[in-house]
Amino acid sequence: MTRFLLAAALAVPLLSAAPAFAEVQGAWVATDRTVDCSSYDTIRRDLLKPDMTDEQKALALYDFFRQRVYHYKNLPETREPLKTVNIIGNTLCGSQATCMKGLLQEVAGLKTRVVSHPGHTFYEVYYDGKWHGFDTMTNFYVFTRGKGKDRYVASFAELNKDPSLIKEAVKEGRSVTALCPCGDDPLAFADKIQITDYEPERSDWSIKDYSLRQGEELVRSWWPHGKPLPGSFDGGRPGPVHTCGTRDRQAEPELFQFWEPYGIPKFAPSTSVSYRHYANGWIAYSPDLTNAHAVSDGGAKLEGVQATKNGLAGQGTWEYRVKSPYHITSAELSLDVDLASADSAVTVEVTDARGQWQPVPLEGLAKVQTLSLDKHVVRANRGRYEYGVRIRLEGHHTALRRQHLKTWFQHNAMAAPHLMPGKNRVTVEVAEEAGLKAAPLTVVYRYKDAPKWDGAVKSVEQTVTKNGQSFDVALPETDKLPQMQDLTIRYGALAWRPEPVKQGE
């Protein structure tokens with residue numbers, strides 16, 4: 001009787017790693033109208049200008065962080081600035097202040113310290129011979145009453161000495177636009193501070209530390225798709241979300257324009273419209289299993305199986321790894337298998353957070369199955385960035401005709417390279433150009449035009465054959481920004497999509 005084996009596959013020795021016939025490492029898309037958030041160097045290049053004063057640099061980084069990060073919850077990695085900006089997109093006061101310390105030091109070379117008073121934490125920046133106080137979480141800073149060089153962002157010691165600098169700041173036009181729009185009391189910043197001075201976290205993580213094999217794509221959506229990182233949100237909410245939702249309308253207009261297109265009515269129980277929330281993306285992997293090179297891409301290991309006109313056949317294993325630059329939140333593996341004899345069988349294993357192989361039970365004898373891998377590949381709170389997959393074929397006439405692995409992740413869409421009204425120059429870079437000789441990259445932007453975002457989804461597609469290739473995308477000139485749907489980077493072509501990809505809202 002033809003069957004699927006439900007037991008774990010027996011451990012067998014593997015061949016040495018096969019050569020990587022074709023893969024593209026670190027594929028990255030940037031535009032001339034948005035800040036490339038991939039590194040401190042790119043943020044400095046795109047955000048700061050040579051003639052800026054230190055105060056202008058501090059204010060530019062303040063707005064940069066405010067645009068991309070809202071207050072919601074602390075997670076284990078939210079004191080690592082680049083992870084908070086690119087992946088998480090939300091955290092609370094102490095982590096926000098610590099991230100700003102890291103950004104100001106690394107990007108602008110400005111001395112920064114984390115300070116606090118009971119119940120709240122924020123930061124000060126040192127320039128022009130004195131300290132200056134800021135808080136990205138509540139949106140707070142005020143200027144002194146001087147003119148010219150005597151007008152500057154006040155320190156918290158100055159506010160403690162003269163609380164009227166806060167009390168009369170809005171009336172006198174000396175405050176940040178939309179001072180404390182979420183309802184916090186600005187006068188609390190007149191309290192005496194203490195030096196907390198947390199240090200930002202560091203790691204060897206990079207947003208570009210991944211590769212695409214032939215038949216693989218990475219898609220970043222600007223929307224939640226019901227796949228948040230477990231542990232990253234509190235009960236009763238659908239995922240991380242700015243719980244002050246509608247108060248975002250009172251924020252700085254130049255920042256609210258980035259959030260407004262993504263309002264979701266009644267997304268969170270605490271507000272009628274949520275403008276800022278987590279976003280999902282996914283890595284889809286479906287190589288041509290009749291192509292010997294494709295199934296070996298990226299150092300995949302084959303033992304006893306080989307590519308045939310019917311797909312992978314023989315008795316043995318196909319093993320490969322999935323690597324994501326973002327927190328993995330879910331994974332599902334679809335298989336299309338030929339079970340032509342009584343001894344035909346297929347087993348699947350994946351690595352857990354400890355790197356141990358774990359069996360994934362198959363359901364019955366169906367020829368086509370989709371398996372949830374969540375139990376073993378998802379790690380709550382901190383997330384994971386990679387895992388292994390091993391598919392074993394048994395029996396003399398077993399063939400794996402097609403496979404499609406979809407690995408969901410959580411990322412911060414506000415850090416993605418969105419399009420802007422007017423002309424956009426889009427540039428695509430890879431770590432090494434050699435992989436593009438085997439197959440091109442395809443870059444696809446999908447969006448809705450402003451100002452009402454009620455028209456059809458538009459698509460721009462470009463084939464990329466060399467490193468640093470650029471192309472232009474022209475959008476209507478409007479006061480509002482387009483509503484981005486998703487951005488795809490695909491290497492070669494996917495051999496199989498078992499179901500329509502759910503994109504957009």
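Modeller: pLDDT is the predictor's confidence in each residue, from 0 to 100. Keep that in mind, since this is a predicted model.

Biologist: Over which residues does pLDDT stay under 50?

Modeller: Start with the general rule. Where pLDDT is low, the predicted coordinates should not be read in detail. Here pLDDT stays under 50 over residues 1-20. The model still has 55 contacts beyond four places in sequence for that stretch. At residues 501-505 pLDDT also stays under 50, with 19 such contacts.

Biologist: What is the mean pLDDT of the chain?

Modeller: The mean is 93. Of the residues in the chain, 94% reach 70 or more.

Biologist: Now a helix. How many residues of α3 are buried?

Modeller: Buried means under 20% relative accessible area. Helix α3 covers residues 81-88, and 8 of its 8 residues are buried. Lys83 and Asn86 are among them, along with Leu82 and Ile87.

Biologist: What covers the buried residues of α3?

Modeller: The cover includes the helices α1 (40-47), α2 (54-68) and α4 (93-108). It also includes the strands β14 (327-339) and β19 (398-411). Look just past the end of α3 too: Gly89 takes a positive phi of about 80°.

Biologist: How do I describe two helices that pack, such as α1 and α4?

Modeller: Two packed helices are described by the angle between their axes and the distance between the axes. The axes of α1 and α4 come within 9 Å and cross at roughly 75°. That makes α1 roughly perpendicular to α4. On the α1 side, Tyr40, Ile43 and Arg44 make the contact. On the α4 side, the residues are Gly102, Leu103, Glu106 and Val107.

Biologist: And which strands does α4 lie across?

Modeller: α4 lies across β3 and β4, and runs at about 15° to β4. Those two strands, residues 111-117 and residues 120-127, pair in the antiparallel sense over 7 bridges. His117 stands opposite His120 in β4.

Biologist: In what order do the strands of that open sheet run?

Modeller: General idea: in a regular strand the side chains alternate between the two faces of the sheet. Here 4 strands form an open sheet, ordered β5-β4-β3-β6, with antiparallel pairing. β5 (130-134) and β6 (194-195) stand at the edges with a single partner strand each, so one side of each has no neighbour in the sheet.

Biologist: What is the order of the open sheet of 3 strands?

Modeller: The order is β2-β20-β23, and the pairing is antiparallel. β2 and β23 are the edge strands, each pairing on one side only. The twist averages 25° from one strand to the next. β2 (residues 28-31) joins β20 (residues 422-429) over 4 bridges, and Thr31 stands opposite Val426. β20 pairs with β23 (residues 469-475) over 7 bridges. There, Val428 has Gln469 as its bridge partner.

Biologist: Last topic, the interior. Which residues have the most contacts inside the largest nonpolar core?

Modeller: In soluble globular proteins, nonpolar side chains tend to be buried together. The largest nonpolar core in this model has 105 residues. Leu61, Phe134, Trp222 and Leu441 have the most contacts inside that core. Take Leu441: leaving out residues up to four places away in sequence, Leu441 touches residues including Val24, Leu212, Val430, Ile489 and Tyr491. A second, separate core has 31 residues, including Ala300, Leu362, Val378 and Val389.

Definitions and conventions:
Residues numbered from 1 in each chain as written. Heavy atoms only, no water. Contact = heavy atoms within 4.5 Å. Buried < 20%, exposed > 50% of the residue type's maximum accessible area, 1.4 Å probe, protein only. Pairing = 2+ DSSP bridges. Axes fitted to C-alpha atoms, helices over the stretch in contact; angles between N-to-C directions. Core = buried A, V, L, I, M, F, W, Y, C linked by side-chain atoms within 4.5 Å. Parallel < 35°, antiparallel > 145°, perpendicular 65-115°, else oblique.
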